[in-house]
Amino acid sequence: MTVESTAAREPRTRATAKRATARRAPGGEPDLIQLLTPEGKRVKPGKALAEYAAYVEDVTPEELRGLYRDMVLTRRFDAEATALQRQGELGLWASLLGQEAAQIGSGRATRSDDYVFPTYREHGVAWTRGVDPTLLLGMFRGVNNGGWDPNSNNFHLYTIVIGSQTLHATGYAMGVAKDGADSAVVAYFGDGASSQGDVAESFTFAAVYNAPVVFFCQNNQWAISEPTERQTRVPLYQRAQGYGFPGVRVDGNDVLACLAVTRWALDRARRGEGPTLVEAFTYRMGAHTTSDDPTRYRHDEERVAWEAKDPIARLRAHLEARGYADESFFAELDAESEALGKRVREAVRSMPDPDPLATFEHVYADGHALVDEERAQFTAYQASFADEEDK
């Protein structure tokens, strides 16, 4: 196994997680920005954390309940989608289990005029952008190529090709800067994608052109079956130094810290200070996708250690300790969660089959002779089946 720096090997227990909060990176920044401990206690921000904590110092109990609701409903939707795939209703599903805080916290930090470029696992971010969760399932059922209008919510279609969305985001951000807008762009990717050349090229262009883009890396420890330490000799967030822009590591299971750090990074971008790399240090509790078996390459002890840092349990403990939520709130949310699951099941099973010729639409804005020829050939091919049935 590759020898790794102490900073890159994230703590596996609660005790060492607390010590990690106090560690410092080479530039004096906290090695892990944390505002809410695994036990649900607010971290008293010292000088190093104050700049980030200022972005959530006025968060209200209502907003905290909203963040909790977002995470619970996102997890319920994700569980329903996984079950539907197991039942043969979806071809594949990429679960976000364990990454709810990273997605909800960062998603809620964006403004409506910001533009988000996701991978294929950002179901929580889609929720914060107002995308109906049932629309996420069409592609995985094979009835469409996306299912929603990206410009309606400034949330791009899911990108399956690993890392390419960072190029799209950087180019879009460069356009935003040329237009003189004060909006920003967020590009989501995983620790596995960080090894792709596309990501390196995105970093280069974003830095050189001072693009208003936040690169949000959800480091869930595993690029399918390869651990992070086999991809990098330094913590991922430190890579930004080589490109000339800031990088920070945030506790990806702390929704409050993810909200604060992303607000901070977006604020920098809007002020014209260029890109930021945010590494949300979290954990993929389930399989990479439903076609994966994580028991073949990782130990149960690792998952158990991370279950103690569950993002939903963490915020619930905080809400209960502060008296911000009572049992009626949790009971109502449970009922809402079950209703969402039922709605998702019914929506998926009632999705109509697509028109076979729809694949030829929107290839070219003004049409194309070759596409017309291919459409005609495919139409004849489809008709041949009807001819066989008539015989």
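Buried denotes a relative accessible area under 20%, exposed one over 50%, and partly exposed a value in between. This usage applies to helix H4 in the second legend and to every legend thereafter. The model shown is predicted.

**Figure 1. Overall fold of the predicted protein chain.** The secondary structure of the protein chain consists of 14 helices and 7 strands. Its radius of gyration is 22 Å, close to the 21 Å given by the globule rule for 391 residues, so the protein chain is as compact as a globular protein of that length. Along the principal axes, the C-alpha atoms fill a box of roughly 80 × 50 × 45 Å. Of the 391 residues, 51% count as buried. The structure holds 25 salt bridges, some of which are shown in later views.

**Figure 2. Helix H4, a mostly covered helix.** The helix spans residues 100-109, and 9 of its 10 residues are buried. The buried residues of H4 include charged and polar ones, among them Glu100, Gln103 and Ser106. Ala101, Ala102, Ile104, Gly105, Gly107 and Ala109 are buried in H4 as well.

**Figure 3. Strand E6 and its parallel partner E7.** Strand E6 covers residues 247-251, and 5 of its 5 residues are buried. Gly247, Arg249 and Asp251 point one way from the strand, whereas Val248 and Val250 point the other way. Both sets of E6 residues are buried. Strand E7, comprising residues 276-281, pairs with E6 in the parallel sense over 5 bridges. Within this pairing, Asp251 stands opposite Phe281 in E7. Between the two strands the chain passes through helix H10 (residues 255-270), forming a right-handed β-α-β crossover.

**Figure 4. Salt bridges of Asp267 and of Arg268.** The side chain of Asp267 meets that of Arg271 in a salt bridge with an N to O distance of 2.8 Å. Asp267 is partly exposed, because its relative accessibility is 25%. Arg271 is also partly exposed, at 44% relative accessibility. Arg268 is bridged to Glu273, with the closest N and O atoms 3.5 Å apart. What is the relative accessible area of Arg268? The value is 9%, so Arg268 is buried, whereas Glu273 counts as partly exposed at 37% relative accessibility.

**Figure 5. A salt bridge within helix H11.** Arg303 and Glu307 form a salt bridge in which the closest N and O atoms are 2.9 Å apart. Both residues belong to helix H11 (residues 300-307), where they are 4 residues apart, about one turn of the helix. Arg303 has a relative accessible area of 30% and is therefore partly exposed. Glu307 is likewise partly exposed, at 38% relative accessibility.

**Figure 6. A network of salt bridges.** Which residues are linked in this network of salt bridges? The members are Arg76, Glu80, Glu338 and Arg345.

**Figure 7. A nonpolar surface patch that includes Phe205.** Phe205, Val208 and Tyr209 make up a nonpolar patch of about 340 Å² on the surface. Phe205 is located in helix H9, which spans residues 197-208. With a relative accessibility of 44%, Phe205 counts as partly exposed, because this value lies between the limits for buried and exposed.

**Figure 8. Positive phi at Asn154 and His362.** Most residues other than glycine have a negative phi. Asn154, which is not a glycine, has a positive phi near 50 degrees. The residue lies in the loop that runs between helix H7 (150-153) and helix H8 (164-179). His362, also not a glycine, has a positive phi of about 65 degrees. The loop that holds His362 lies between helix H13 (327-349) and helix H14 (369-390). Are these two residues buried or exposed? Asn154 is buried, because its relative accessible area is 16%, whereas His362 is exposed, with a relative accessible area of 79%.

Methods:
Residues numbered from 1 in each chain as written. Predicted model: local features only at pLDDT ≥ 70, side-chain atom pairs only at ≥ 80, totals over all residues. Heavy atoms only, no water. Patch = residues over 30% accessible without salt bridge, like charges linked within 9 Å, V, L, I, M, F, W, Y side chains within 5 Å. Areas by Shrake-Rupley, 256 points an atom, 1.4 Å probe, with all protein chains shown as cover. Salt bridge = Lys/Arg side-chain N within 4 Å of Asp/Glu carboxyl O. Buried < 20%, exposed > 50% of the residue type's maximum accessible area, 1.4 Å probe, protein only. Pairing = 2+ DSSP bridges. Right-handed = clockwise from strand over helix to strand, strands pointing away. Rg over C-alpha atoms; globule rule 2.2 N^0.38 Å.
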